[in-house]
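Me: Please walk me through the fold below, one question at a time. Keep the answers short.

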Amino acid sequence: MDDVTDTMRPRYSVSTTRENGAFQLWLPPELWELILDHLWDDASSLRECSLTCRAWLPTARCHLFYHVEFKTQGDCLRFLDTLDSSYGAQTDIARFVQSVAIIGLPLCRLGDEYDNKNGLVLHDVLGRLPNVTTLTLESVDIDVHLPLDYAASCIQLRPFSHLFPLPGVRTLNMSLVMFHSIHDVSRLITAFPQLRTLAVSRALWWQDTDAPLLVEERAQVERTLRGLTHLRLFSVPSPVDLLRRIQRFPALQATRQFGWTTYVADERRLLLGILRASAANVQVLDIITRYGSNGEPLPSFPSIHPP
């Protein structure tokens, strides 16, 4: 009977106090946290909750700063100010940030003068966020404005791990990201050794043969891809979309070569390379493409089991 009685007892206890002749009801912190968790995507309500009760502030702050977006350099500078204020107040909001999205921000690894110091400011912000596990890049141009003679100048590009100092990233989402070289797609992937989920939708690049992968870099790419458990690829090539994106850079069109046939062949080869290298451990595969195998054997995925 005692066992039955124990199971019927309430999980949480409610206490009351009497102050100035009036009763006050006190709920346990676990209940408040459950209620606030339902507001995880309602920033306005979370801000009001954080100002209403001091006990609600930690949970509200956790949801408010879980995901941050940077669309301009001004966004980065404002968040740097927020981090500085938090450090002074000893609230340490940086530890709450687990997801970062960079949208439409041009970046360059060669020098600050090529991206108006966007890369420098972004590096400072990301370097202060120790718990980021998800990085999303959307409509971002990386190294698009490199001068034609940069390779002959022997100036080394900074590694992607410097531009994105986020070693704990386990999920990388790329959508309409434009690179200087097709090889930079692979180099970006290797910047995140703990990567487990990769989503690529319409990666773009200028047609060039500069800086092919070295033997050591290829080995790093394969190691990183072998660690993937979730892979999402969307590749439905559209010349209209690509040309529209390229037309954003009229100053570069006269000095860069772009061939649709070559691009399609390179993208197909890139996708097949990702599939082959990641096949051993991928458990969830979502791929949409118009490319065929052209008679080449496709890899098998032993870790994927049909429902």
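Reply: Helices here are DSSP runs of H or I with at least four residues, strands are runs of E with at least two, and both are numbered from the N terminus. The model is a predicted one.

Me: How many helices and strands does the chain have?

Reply: Both counts rest on DSSP runs. On that basis the chain holds 12 helices and 11 strands.

Me: What share of the chain's residues is buried?

Reply: Buried means under 20% relative accessible area. The chain has 307 residues, and the buried share of them is 39%.

Me: Among contacts between residues at least 6 apart in sequence, what percentage join residues at least 24 apart?

Reply: A contact is a pair with heavy atoms within 4.5 Å. Of the chain's contacts at a separation of at least 6, the part that spans at least 24 is 76%.

Me: In what order do the strands of the open sheet lie?

Reply: The sheet has seven strands, and the pairing is parallel. Its edges are strand 3 (67-70) and strand 11 (284-289), each paired on one side only. The twist from one strand to the next averages 5 degrees. The order is 3-4-5-6-8-10-11.

Me: Which strand is joined to strand 8 by five bridges and covers residues 230-235?

Reply: Strand 8 has strand 6 (residues 171-175) as a parallel partner, over five bridges. Another five bridges, also parallel, tie strand 8 to residues 230-235. That stretch is strand 10.

Me: Which residue of strand 10 stands opposite serine 201?

Reply: Serine 201 belongs to strand 8 and is the bridge partner of serine 175. In strand 10, serine 201 faces phenylalanine 234.

Me: Which residue stands opposite leucine 135 in strand 6?

Reply: Strand 5 (residues 134-138) runs parallel to strand 6, with five bridges between them. Across that pairing, leucine 135 faces leucine 172.

Me: How many of the five residues of strand 8 are buried?

Reply: Strand 8 covers residues 197-201 and is mostly covered. Leucine 198 has contacts beyond its sequence neighbours, among them Leu172, Met174, Ile189 and Leu231. The buried count for strand 8 is four.

Me: Which helix gives the most residues to the largest nonpolar core?

Reply: The largest nonpolar core has 65 residues. Those with the most contacts inside it include Val100, Leu135, Phe164 and Leu198. A second, separate core has five residues, including Cys108 and Tyr150. The top contributor to the largest core, with six residues, is helix 12 (residues 260-278).

Me: Within what arc do the buried residues of helix 6 fall?

Reply: Helix 6 (residues 118-126) buries Asn118, Gly119, Val121, Leu122, Val125 and Leu126. They line one face of the helix, because seen down its axis they fall within an arc of 165 degrees.

Me: What do the buried residues of helix 6 pack against?

Reply: The partners are two strands and two helices. The buried residues of helix 6 pack against strand 3, strand 4 (99-103), helix 5 (73-89) and helix 7 (160-163).

Me: Which residues of helix 8 are buried?

Reply: Helix 8 (residues 183-190) is mostly covered, with six of its eight residues buried. They are Asp184, Val185, Ser186, Arg187, Leu188 and Ile189.

Me: What is the angle between the planes of phenylalanine 70 and phenylalanine 79?

Reply: The whole structure holds two aromatic pairs. Phenylalanine 70 and phenylalanine 79 form an edge-to-face pair, 5.7 Å centre to centre. Both residues are buried. Their planes meet at 70 degrees.

Me: Why does the pair of phenylalanine 160 and phenylalanine 179 count as edge-to-face?

Reply: Planes over 60 degrees apart count as edge-to-face. The ring centres of phenylalanine 160 and phenylalanine 179 are 6.5 Å apart. The pair is edge-to-face because its planes stand at 75 degrees.

Me: How many residues apart are phenylalanine 160 and phenylalanine 179?

Reply: Phenylalanine 160 sits in helix 7 and phenylalanine 179 in strand 7 (residues 178-179). The pair therefore links distant parts of the chain, at a separation of 19 residues.

Me: What is the relative accessibility of phenylalanine 179?

Reply: Beyond four places in sequence, phenylalanine 179 is in contact with residues including Ile142, Phe160, Leu188 and Trp205. Phenylalanine 179 counts as buried because its relative accessibility is 0%.

Notes
Residues numbered from 1 in each chain as written. Predicted model: local features only at pLDDT ≥ 70, side-chain atom pairs only at ≥ 80, totals over all residues. Heavy atoms only, no water. Buried < 20%, exposed > 50% of the residue type's maximum accessible area, 1.4 Å probe, protein only. Pairing = 2+ DSSP bridges. Axes fitted to C-alpha atoms, helices over the stretch in contact; angles between N-to-C directions. Core = buried A, V, L, I, M, F, W, Y, C linked by side-chain atoms within 4.5 Å. Arc of directions from axis to C-beta. Phe/Tyr/Trp six-rings, centres within 6.5 Å; stacked < 30°, edge-to-face > 60°.
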